[in-house]
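Here are a few exercises to work through with the model open in your viewer. Try each task before you read its solution.

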Amino acid sequence: MLLAVVLILFGAWIVTANTNNDLAVSIANTLSYPFRKLGFATHQTLNGSKSYDEVVSNNEELQSEVNKLRGQLSDYYDIKRENEQLRKYYDIKETNSEFKLIPANIINKDPDRGIYEFTLDCGTMAGVTKNSPVLTENGLIGYVSQADITSCTVTTVLSDKAQISVIDKKTADTGILTGNPSLAVESKAIIKLLDEKSKPEKGDIIATSGMGEIFPADLLLGTVDEIKYDEYDSSKYAVVSLYDNIAALSEVVVLVNPT
């Protein structure tokens, strides 16, 4: 059984070795040690030079080595996954070089309110602060509305609590993007306070304008789906289809200004 575990872990190392040579060498050395030691112990036992108690003791040492190896492999895969996640955000990091990207997992999402609010597994200890923007590789999906030591609450752009200054990248028209309960389940939001002379069109790209102190400029959100008029005051507003399906998200990054 012990030998089977070692061989399985050795196979996993071969698959991933090319992605991190230093760690791969370390894992290889850890793997080969218990394997060589097992062969040596078996040889000695067959030749009668080792007692049963000594063999048992050796097996316990080997099991300890295997457990240590499992831990190293687990850490390696965590680092590998985090690096792959951050690689997706290269363009955002280049545009916002003064910011730090903190990878995070969604750990609590209410089935009824998950598109409006959810909890992440990082907090003030990691540098997260209230109002920190929350992104995917596609763009902005919300902001930190509350931060504790090891977790934080995110309010998404689908919530009517969100009030985000945005700009139409084609026409330069500006407005405030916020959530609308009747559209949120379709991953759509609205842009209100559009000037009557504004001319946004279907397909126009919407991004943050950079106005205000919360969101840096040019964080993408989605595209204009249609232009409508409010039935009560006849004001013009745009319906925006977000790039992300917020209900399906499991991983995000928090954009933190370390200064």
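**Exercise 1: a charged network**

Glutamate 186 and lysine 188 meet through their side chains in a salt bridge, at 3.6 Å from N to O; the term needs a side-chain nitrogen of Lys or Arg within 4 Å of a carboxyl oxygen of Asp or Glu. Before going on, note that this is a predicted model, where local features need pLDDT of at least 70, side-chain atom pairs count only at pLDDT 80 or more, and totals for chains, interfaces and linings use all residues. Residues are numbered from 1 along each chain as its sequence is written, and side-chain values use heavy atoms, with hydrogens and water left out.

Task: find which residues the network around Glu186 and Lys188 joins, and classify glutamate 186 and lysine 188 by exposure.

Solution.
- Step 1: follow the shared partners, and Glu186, Lys188, Lys202 and Asp225 come out as one network of salt bridges.
- Step 2: glutamate 186 has a relative accessible area of 45%, so it is partly exposed (buried is under 20%, exposed over 50%, partly exposed in between, with a 1.4 Å probe and protein chains only).
- Step 3: lysine 188 is at 15%, so it counts as buried.

**Exercise 2: salt bridges across the sequence**

Task: work out how many salt bridges the structure holds, then place the partners of lysine 169 and lysine 170.

Solution.
- Step 1: the count is five salt bridges.
- Step 2: lysine 169 pairs with aspartate 218, with 2.6 Å between the closest N and O atoms. Aspartate 218 sits in the loop between S9 and S10 and lysine 169 in the loop between S6 (164-168) and S7 (174-178), so the contact ties together parts 49 residues apart in sequence. Strands here are DSSP runs of E, at least two residues long, and numbered from the N terminus.
- Step 3: check exposure. Aspartate 218, at 41%, is partly exposed, and lysine 169, at 45%, is partly exposed.
- Step 4: lysine 170 goes with glutamate 201, the closest N and O atoms being 3.2 Å apart. This pair links the S6-S7 loop, home of lysine 170, to the loop between S8 (188-192) and S9, where glutamate 201 lies, 31 residues apart.
- Step 5: lysine 170 is exposed at 57%, while glutamate 201 is partly exposed at 43%.

**Exercise 3: the barrels**

Task: trace the strand order of each closed barrel and look up a bridge partner in S10 and in S5.

Solution.
- Step 1: one six-stranded barrel closes in the order S6-S7-S8-S11-S10-S9, with antiparallel pairing (two strands pair if DSSP finds at least two bridges between them).
- Step 2: in that barrel, S9 (residues 205-208) and S10 (residues 220-229) are antiparallel and joined by three bridges. Isoleucine 206 has glycine 222 as its bridge partner in S10.
- Step 3: another closed barrel of six strands runs S1-S2-S5-S4-S3-S12, again antiparallel.
- Step 4: five bridges hold S4 to the antiparallel S5 (residues 152-156), and valine 144 meets valine 154 of S5.

**Exercise 4: the aromatic pair**

Task: say which rings make up the aromatic pair, and how they are arranged.

Solution.
- Step 1: tyrosine 143 and phenylalanine 215 are the partners, 6.2 Å centre to centre with 75° between the planes, which is edge-to-face. The cut-offs: ring centres of Phe, Tyr or Trp (its six-membered ring) within 6.5 Å, with planes under 30 degrees stacked, over 60 edge-to-face and the rest tilted.
- Step 2: tyrosine 143 is in S4 (residues 139-147) and phenylalanine 215 in the S9-S10 loop, 72 residues apart.
- Step 3: both tyrosine 143 and phenylalanine 215 are buried.

Methods: Helices (H or I, at least four residues) and strands (E, at least two) are DSSP runs, numbered from the N terminus.
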